[in-house]
Amino acid sequence: MSAAGSSWLHLPLVCLGAAVVAVPLARFLRLGSILGYLIAGVLIGPSVMGWVSEPGQILEVAEFGVVLMMFLVGLELEPKRLWALRRPIFGWGSLQLFGSAALLLGLALLFGVPAGLGLVLSLGLAMSSTAVALAVLAERNLGRTTAGQSILSVALLQDIAAIPVLALVPIVAAAGVAATAADPSSGGSGWAAAKALGMVLLIVLGGRLALRPALRWIARSRTPEIFTAAALLLVIGTAALMHSVGLSMALGAFLAGVLLAESEYRRELETDLEPFKGLLLGLFFIAVGMGLELRVLREQTALVLGLLAALLLCKGLLLSFMARWMQIPVLERPVFVILLAQGGEFGFVVFQLSQQAGLIDATQSSALVAAVALSLACTPALLLLSDRLLLPRLQRRKEAVPGEQEAPEPAPILIAGFGRYGQIVGRLLFAHGYEATVLDHDAEAIETMRKFGWRVFFGDATRLDLLRSAGAAQAKVLVIAVDDMEQSLAIAELAREHFPQARVVARARHVRHYFGLRNLGVELIERETFDAALNSGRSVMEVLGLEPHAARKLAWRFRQHNIEQLEQMLPLQHDTGALIAAARQARLQLEALMAQEREQARQQQQARAGGSWSRADKQEPDLKPSKD
């Protein structure tokens, strides 16, 4: 048992240790975390230190990171937005895949590669790495840019086309491309397509009917670890269903994410799954690095470099024209081209299957895998060169062309807490055309508010990762409207430390809460019952005979004096004796001020009465509040 235990511990120990050392070093050198993971994989793999001898086993587990990533991407795409992307997905995505495959096939035929083999291998090389592309987009916060949406469209088409490409491998191996139409397996392929379509419909319909009620029931248990377990179960279950009919697991997870994109639990799901996604993606890149055989690079240097050059040049040429046709902004085109010009993890599967089918031998498969892995390793370096050499030139060219600057997006607003206080703030903002992201932790209240048309998301706003995923890093205003004082102060402290660009507008329940917020640097504070109580006081004075204007003025003067009093008492908050003395002195000053205001009001009313001294002598109005 001890041997088995040590064997089980060896793998995570080596991988995590290598990542902890290599990734911060790569980030320090501005090489990017992805290249750090790849270097760590190469170093601990069989080609260098040999600490891990079977990288293929790790790759199978690490591919789940891609599945989680696609689920999170789906959460960002509401069905309406996905439907709006149907043309880019099937139009530009198809052009990239089949256009790149056509260029690579033509080059392969020039070098005497058989047509069938060339078709399969060119389709495998035409695929791009979804993991690297989306990880870079997330790292650079480019997911919502034109280039980011275009990359996502191409990646989705590649996931859809994965199964037909894999089905083509045994067909080519058995009968050749020309005999595909007469192949007896075509009936089986038709049945497989029917099963795949049925499974997609099952996930869509089941997700529409069952997912949100199930998550609502789990959220009511108020058990965070069970909600996290439910999120993982959802992703794994959807991926397993798609895998059972031969479809891409990542595509299934993406569909599940899209179905929950409009759900109030979207932000909480993102927050719970983000750590797992990052860790498994890192493991995926480590596995890719371990699979890079340096022996193949030494023995077949010319072949591997030739494949790499053909891959990057053919795909890069097509993508450059596509970027222009798609009207991608000039400064975003390098990212679009570089992230899609690389090879992809799907190519590893195609080459392995081709070797098993007898289309290629082990040496050829190793060369192809090395070329794709090298393209993945080159991607961070190419992005770094683009940032330092190409983008400054493009920026100068862009500034020289008038009318090409893009309009800035409206500053986002984040509201933490959507109870009786937060709803009033939100209604005022929404009524005047301001959009806001709202977070609340009450599942039943969220469901009720959604029935009235509010877009509220489930989650605890005291969690830093949830605030990040909700957009706090880009928010211009953070409204803290939660009921609990400790939670309010915790959110304010997180905002001060991690989101200094966001101006905090906070609700205070009482004076102690007010002092706590001021100590954290919050300046825009409103006490929740203060103005309501002042309005009630105004009503009382009006009922007792004071004119509405005078009552309003007295209430306003009381408000100003009270705020000044709190600011004066702020340095004394920890000295109870001094605080009490200051409060008494402030009360005496306020009474004197109010007496002066009443006298001014009495004199003004006498002046307005004017002219008739006899009438004034007979009946002088009494403006003082009644003692009764």
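This report describes a six-stranded sheet, the helices that join its strands, and two further helix pairs in a predicted model.

## Basis of the description

The model is predicted, and local features need pLDDT of at least 70, side-chain atom pairs count only at pLDDT 80 or more, while totals for chains, interfaces and linings use all residues. Residues are numbered from 1 along each chain as its sequence is written, and side-chain values use heavy atoms, with hydrogens and water left out.

## The parallel sheet

Six strands form an open sheet in the order S3-S2-S1-S4-S5-S6, with parallel pairing; helices (H or I, at least four residues) and strands (E, at least two) are DSSP runs numbered from the N terminus, and two strands pair if DSSP finds at least two bridges between them. Strand S3 (456-458) and S6 stand at the edges with a single partner strand each, so one side of each is left without a neighbour in the sheet. Direction ignored, neighbouring strands of this sheet are turned by 20° against each other on average.

Strand S1 (residues 413-416) runs parallel to S4 and is joined to S4 by four bridges, with Leu414 opposite Leu478 in S4. Strand S4 (residues 477-480) in turn pairs in the parallel sense with strand S5 (residues 503-508) over four bridges, and here Ile480 stands opposite Ala506 in S5. S5 also pairs with strand S6 (residues 524-527), again in the parallel sense and over four bridges, where Arg507 has Glu526 in S6 as its bridge partner.

## Crossovers and their helices

S4, helix H21 (residues 485-498) and S5 make a right-handed β-α-β unit, a crossover being right-handed if, with the strands pointing away from the viewer, the path from the first strand over the helix to the second runs clockwise. A right-handed β-α-β unit is also made by S5, helix H22 (residues 511-519) and S6. H21 lies across S1, S4 and S5 and runs at about 165° to S4; axes are lines fitted to C-alpha atoms, for helices over the stretch in contact, and angles run from 0 to 180 degrees between N-to-C directions.

H21 and H22 pack at an angle of about 10°, with their axes 10 Å apart, and are therefore roughly parallel to each other (angles under 35 degrees count as roughly parallel, over 145 as roughly antiparallel, 65 to 115 as roughly perpendicular and the rest as oblique). Met485, Ser488, Leu489, Ala492 and Arg496 of H21 make the contact with Arg512, His513, Gly516, Leu517 and Asn519 of H22, contact meaning heavy atoms within 4.5 Å. By class, this contact of H21 with H22 has four nonpolar, four polar and two charged residues, where Ala, Val, Leu, Ile, Met, Phe, Trp, Tyr, Cys and Pro count as nonpolar, Asp, Glu, Lys and Arg as charged, and the others, Gly among them, as polar.

## Two oblique helix pairs

The axes of helix H2 (residues 33-44) and helix H12 (residues 266-290) come within 6 Å and cross at roughly 50°, so the two helices are oblique to each other. H2 passes H12 in a right-handed crossing (left-handed if the near helix is turned anticlockwise from the far one by less than a right angle, and right-handed if clockwise). Residues of H2 including Tyr37, Gly41 and Val42 meet residues of H12, among them Gly278, Gly282 and Phe285; the contact of H2 with H12 divides into nine nonpolar, four polar and no charged residues.

Helix H10 (residues 224-244) packs with helix H11 (residues 249-259) at an angle of about 130°, their axes 7 Å apart, and H10 and H11 are therefore oblique to each other. H10 passes H11 in a right-handed crossing. Val235, Thr238, Ala239, Met242 and His243 in H10 meet Met249, Leu251, Gly252, Ala253, Leu255 and Ala256 in H11, and the residues of this contact divide into eight nonpolar, three polar and no charged.
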